[in-house]
Amino acid sequence: MEQFFENFKIGDFIQIQYHPNSPLNQYKGYIGEIKEYRKGQEHALVFIHARNASGLIKFHIGHLSKLQSN
């Protein structure tokens, strides 16, 4: 599951995907918004919209799949 890192930017809405051997796979299928990311980084801070408790979670970008805008 290779992603093009330069496709992500702050404010993008993403869906969390499965990433091998990650404890964050419990969030698979959740929708989130990228709050902090710089081109070439391996991780992004994501605000998960479906959680009751607010907060940012640091995800490896292998977890992220950009949602298409209409």
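# Notebook: strands, core and salt bridges

I began with one pair of residues, and I noted that Leu45 stands opposite Lys58, which lies in strand 4. I should write down at once that I am reading a predicted model.

**Entry 1, the sheet.** From that pair I went on to the strands on either side of it, and I found that strand 3 and strand 4 run antiparallel and are joined by five bridges. I reminded myself that the strands of a sheet pair through backbone hydrogen bonds, in either a parallel or an antiparallel way. Looking at the whole arrangement, I saw an open sheet of five strands in the order 4-3-2-1-5, with antiparallel pairing. Its edges are strand 4 and strand 5, the latter covering residues 64–66, and each of these edge strands pairs on one side only. I also looked up the twist, which averages 50 degrees from one strand to the next.

**Entry 2, strand 2 and its partners.** I then turned to strand 2, which spans residues 31–36 and pairs with strand 3 in the antiparallel sense over four bridges. One position I checked here was Gly32, whose bridge partner in strand 3 is Ile48. The two strands make a hairpin with six residues between them, and in the turn I found Gly40 with a positive phi of about 90 degrees. Strand 2 also pairs with strand 1, again in the antiparallel sense, this time over three bridges, and there Phe13 has Glu33 of strand 2 as its bridge partner.

**Entry 3, the loop before strand 2.** While following the chain between strand 1 and strand 2, I stopped at Asn21, which sits in the loop connecting them. Asn21 has a positive phi of about 60 degrees although it is not a glycine. I asked myself whether Asn21 is buried or exposed. Its relative accessibility is 77%, so Asn21 counts as exposed.

**Entry 4, the nonpolar core.** Next I looked up which residues hold the most contacts inside the largest nonpolar core. This core has 14 residues, and the ones with the most contacts inside it are Ile14, Ile16, Ile34, Ala44, Val46, Phe59 and Leu64. Two or more residues come from each of strand 1 (13–16), strand 3 (43–48) and strand 4 (56–60). The largest share is that of strand 3, which gives three residues.

I wanted to see how strand 3 is arranged, and I kept in mind that in a regular strand the side chains alternate between the two faces of the sheet. In strand 3 the covered face carries Ala44, Val46 and Ile48, whereas the uncovered face carries His43, Leu45 and Phe47.

**Entry 5, Glu33.** I came back to Glu33 in strand 2, and I looked up what its surroundings are. Apart from its neighbours within four places in sequence, Glu33 is in contact with Gly11, Asp12, Phe13, Leu45, Val46, Phe47 and His49. Glu33 and Ile14 are 19 residues apart in sequence, yet their C-alpha atoms are 6.0 Å apart in space. The relative accessibility of Glu33 is 16%, and because buried means under 20%, Glu33 counts as buried.

**Entry 6, the salt bridges.** How many salt bridges does the structure hold? I counted three of them, and I recalled that side chains of opposite charge can pair when their charged atoms come close. One of them joins Glu33 to Lys35, with the closest N and O atoms 3.7 Å apart. Lys35, at 39% relative accessibility, counts as partly exposed.

A further salt bridge joins Lys9 and Asp12, where the closest N and O atoms are 3.2 Å apart. Asp12 also forms a salt bridge with Lys66, and in this pair the closest N and O atoms are 3.5 Å apart. Why does this second pair tie together parts that are 54 residues apart in sequence? It does so because Asp12 lies in the segment before strand 1, while Lys66 lies in strand 5. I noted as well that Asp12 is buried, with a relative accessible area of 7%, whereas Lys66 is partly exposed, with a relative accessible area of 33%. Taken together, Lys9, Asp12 and Lys66 are linked in a network of salt bridges.

How values were computed
Residues are numbered from 1 along each chain as its sequence is written. This is a predicted model: local features need pLDDT of at least 70, side-chain atom pairs count only at pLDDT 80 or more; totals for chains, interfaces and linings use all residues. Side-chain values use heavy atoms; hydrogens and water are left out. A nonpolar core is a set of buried Ala, Val, Leu, Ile, Met, Phe, Trp, Tyr and Cys residues joined through side-chain atoms within 4.5 Å. Buried means under 20% relative accessible area, exposed over 50%, partly exposed in between (1.4 Å probe, protein chains only). Two strands pair if DSSP finds at least two bridges between them. Axes are lines fitted to C-alpha atoms, for helices over the stretch in contact, and angles run from 0 to 180 degrees between N-to-C directions. Contact means heavy atoms within 4.5 Å. A salt bridge is a side-chain nitrogen of Lys or Arg within 4 Å of a carboxyl oxygen of Asp or Glu.
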